[in-house]
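Q: Please take a close look at the helix packing in one chain of this model. Which helices pack, and how do they meet?

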Amino acid sequence: MKAQRKFLIGSGIIVATLLALAYVGYTQSKTYYHTISELATLPAPEQHQRMRVSGNVRNGSILHRDGRIDFVLEEEGKALPVSYVGSDPLPDTFKDGAQALVEGRLQPDGGFTAEQVQAKCASKYEASPTGTPGAPPQPSQTPGQSMNPAQGSTAGKS
Amino acid sequence: MDIFGSFALLLALGAAVYAFGGGIAGILTRRPLLTKTARNAGMAVFGLVTLAVATVVYAFFTDDFSLAYVSAHSNHTLPLYYKFSALWAGQEGSLLFWTWLLSIYAFFALFLNRKKHPELMPYVGVTLAGVQIFFLTLNNFVASPFRVLAGMDATGMMHVARLSDGSGLNPLLQYYEMVIHPPILYLGYTGFTVPFAFAMAALLGRYPGEKWIHITRRWTMVAWCFQTVGILLGAHWAYAVLGWGGYWAWDPVENAALLPWITGTAFLHSVMMQEKRGMMKVWNVWLVFVTFMLCILGTSLTRTGIVSSVHAFAESSIGGWFFTFLGIILLVCLAAWFKNRDYLRSDNQLDSLVSRESSFLFNNLILLAACFAVLWGTLFPVLSEAVTGNKISVGPPFFNKVNVPIALFLLFLTGVGPLLAWRKTSYDSLRRNFAWPLAGGVIAGAVAFAFEFREFYPLICLVLSVFVTLTIAAEFYRGARVIASRDGTNLLTAVGELTMRNTRRYGGYVIHFGIVLIFIGISGSAFKQDIQKEMNIGDTLSIGPYKILCQNFDQPSTSNYSSDRATLEVFRDGKSQMMLYPEHRTYLASQVSETMVAVESTPLRDLYLVYAGASPETGKPVIHAYLNPLVKWIWFGGIVVVLGTGLAMFPSRGAALVLRPIAERAWGESVVPQTAPASAPIRRSEGHD
């Protein structure tokens, strides 16, 4: 009995320590997801949180400026101007029409400053087949390739 | 071809349904014929799924682009071995592959035990068949790899269409490790189904004692070993191909593979408590259940896109099926446990805090904490959205904050646990076993500290690594010395003899040593450096002890891809060491770009060079150089773990001698009493004590 109580006390200390660590890690790295259309309606305190926003890169919108890269993300007709200020080069897959996930903060002027950009090639790999006359429509394919990061990322580089 | 394959799959589903229904009927009516036919149906699933798999492989080899799956993942010019690996490159094929591997495990589980454990095996067969029914339903009706492409001709008639060429295999998957990584990881995922089936069977059939643990120990180790190798291969592939300088990013898919590995590790340790002391029976059963559920969860995470991941961006409708299945498993587990919970009563209680038992308890507690933290962090976006409406994700700082201390505490237990006595450890034995290793660890730490090695966690890791290594070495030395002096052999022969006499124990030590090596390798990441620079020909950059001189840029393009390549000369101490050629390729057919990393790997550090593309501002090529200390130790540690696992699965020499005559006699006769006389000698010599 005595040993069991000691074990429980020890476990309690361990679990409490881990919970505290988890909380610290959580506050350091929590990131909100928002859609572009949500951004306009966010209450003021939430506008300053670190967040992730996804959308498609508008064709022809990628502009290389001094020290940053500007582009426009689109989703369901809404647009978001983004400035990428991170130091890593953009992923290979980042190009016109690509599906991109940006991480950073919203600016007072309504623009978005991104520190990280992940992108997935718009065409995916299962490109629509061409070559056969009257080419058949692809059956609705779910790419979900388990081990297939057909997507570059600047994330995770520490 | 598609009809043949579809038909084989349909028959396989029929056989699985019979194995399930017939098996249950056999248990209820106690008719041996029903039980036997159900078992044979369960084994037949393997043959039928094999036919379906062979059909898909044949379609890939013959470039049958009338199949949607083949045309989406292959093309004429794809090398043969990638045409084979394309089998698991996409959703439908990889699900079929899952089913196939499961059917292999199920076949051997049923076949090898066909004359043993007549009380247990019918339940095992039913459980395995239940899992197979789920996957075969998906293969047949939800994600069939035999879907054909259809098109309309001029008259508006639908007919089967055949493409002239497929879209090819994703270049990222065209890498030799991608041929072996998915099968090995899948062998891990599917392999945990066997211990699950045995645990479920033992619980439902109220099979006496811990026999099911003896039967499934090797199965669990096989699955665990595959899972370990699968995870490490995945990490190595990410390191070698993705070009971001790291091997682990706490990505949901990586986490998904780690979760069952953690609970599987916990199970492999806590079963010893049940074998030796009859404790933790409920816990063990639930660990197996949870491990299996995490395998299913992991399989679904990679396919459903419920959490966005580097690996899986796509949404798919298959998620509902998986979550329904998970719900059913959970209900069945709860019901089976609730109905038979009295059968799982513990025989003993914890006697002392400084004992083998408590070290196992702490080991399990902390592994479960790690598992919970990783699961929580992985599913947090989904959970937070469900609860608060806000989708919130957590990043690597969360995972590292929690898991680094856990890992170090585990490392500590790795050294301490195996040397503590069961029940209660005396102060004398503590001093005898730990004084020297502890002193060694502290001295190593002090020396490192004196040499400006002062990062907190790596320093702790170093102290513990030295400590654990010394305890392991001392164990080998103590045992071998006794044998050497008695048999008059030299110490090295005695180490071999010692190991072969108790493979389980000494194999376990070898695995622990491999884990130490992996931990050392991981702790190296605290000293990672990287530098990024625009470079023209003649420019240099310095990183660590290396100076890198840019010699040339060229475009060695082929018909398959266009490429930008840098020729970099590496100097150390003013002397030229080697040339490295990082490359950036764009595959023409698919317009997919790929980074070809150039790595110079040494035991101390990897020099990892990436051609990061042209600078947006100046158009000059950008070279990203990383210095990754000790990474090689991780891969080497993985090899040691595999060797140790193989050793631990090998029958001990002493035990085999005792076992053989009894076992052979029992084979021919009635099978029931066979395990009883045999288990006593096994336990004495094979025990992990």
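A: What follows covers two helix pairs of chain B, then a word on confidence in chain A. The model is predicted.

Two packed helices are described by the angle between their axes and the distance between the axes. Start with α15(B), residues 427-450, and α16(B), residues 456-487. Their axes come within 8 Å and cross at roughly 150 degrees. The crossing is right-handed. On the α15(B) side, the contact residues include Trp436(B), Leu438(B), Gly441(B), Gly445(B) and Phe449(B). Among their partners in α16(B) are Leu459(B), Val463(B), Phe467(B), Leu470(B) and Ala474(B). By class, this contact has 15 nonpolar, four polar and no charged residues.

Now the second pair. Helix α6(B), residues 121-142, packs on α8(B), residues 193-204. The angle is about 130 degrees, and the axes lie 8 Å apart. α6(B) is therefore oblique to α8(B). This crossing, too, is right-handed. α6(B) contributes Tyr123(B), Val124(B), Thr127(B), Leu128(B) and Val131(B). From α8(B) come Thr193(B), Ala197(B), Phe198(B), Met200(B), Ala201(B) and Leu204(B). Nine of these residues are nonpolar, two are polar and none is charged.

Last, confidence in chain A. Its mean pLDDT is 70, and 73% of the residues score at least 70. Among the elements of chain A, strand β5(A), residues 78-84, has the highest mean, 88. Strand β8(A), residues 151-153, has the lowest, 39. Over residues 122-158 of chain A the pLDDT is below 50. That stretch still has 107 contacts in the model beyond near neighbours in sequence. Where pLDDT is low, the predicted coordinates should not be read in detail.

Note on methods:
Residues are numbered from 1 along each chain as its sequence is written. Chains are lettered from A and ligands numbered from 1 in the order in which they are written. This is a predicted model: local features need pLDDT of at least 70, side-chain atom pairs count only at pLDDT 80 or more; totals for chains, interfaces and linings use all residues. Axes are lines fitted to C-alpha atoms, for helices over the stretch in contact, and angles run from 0 to 180 degrees between N-to-C directions. Helices (H or I, at least four residues) and strands (E, at least two) are DSSP runs, numbered from the N terminus. A crossing is left-handed if the near helix is turned anticlockwise from the far one by less than a right angle, and right-handed if clockwise. Two residues are in contact if their C-beta atoms, placed from the backbone, lie within 7 Å. Ala, Val, Leu, Ile, Met, Phe, Trp, Tyr, Cys and Pro count as nonpolar, Asp, Glu, Lys and Arg as charged, and the others, Gly among them, as polar. pLDDT is the predictor's confidence in each residue, from 0 to 100. Angles under 35 degrees count as roughly parallel, over 145 as roughly antiparallel, 65 to 115 as roughly perpendicular and the rest as oblique.
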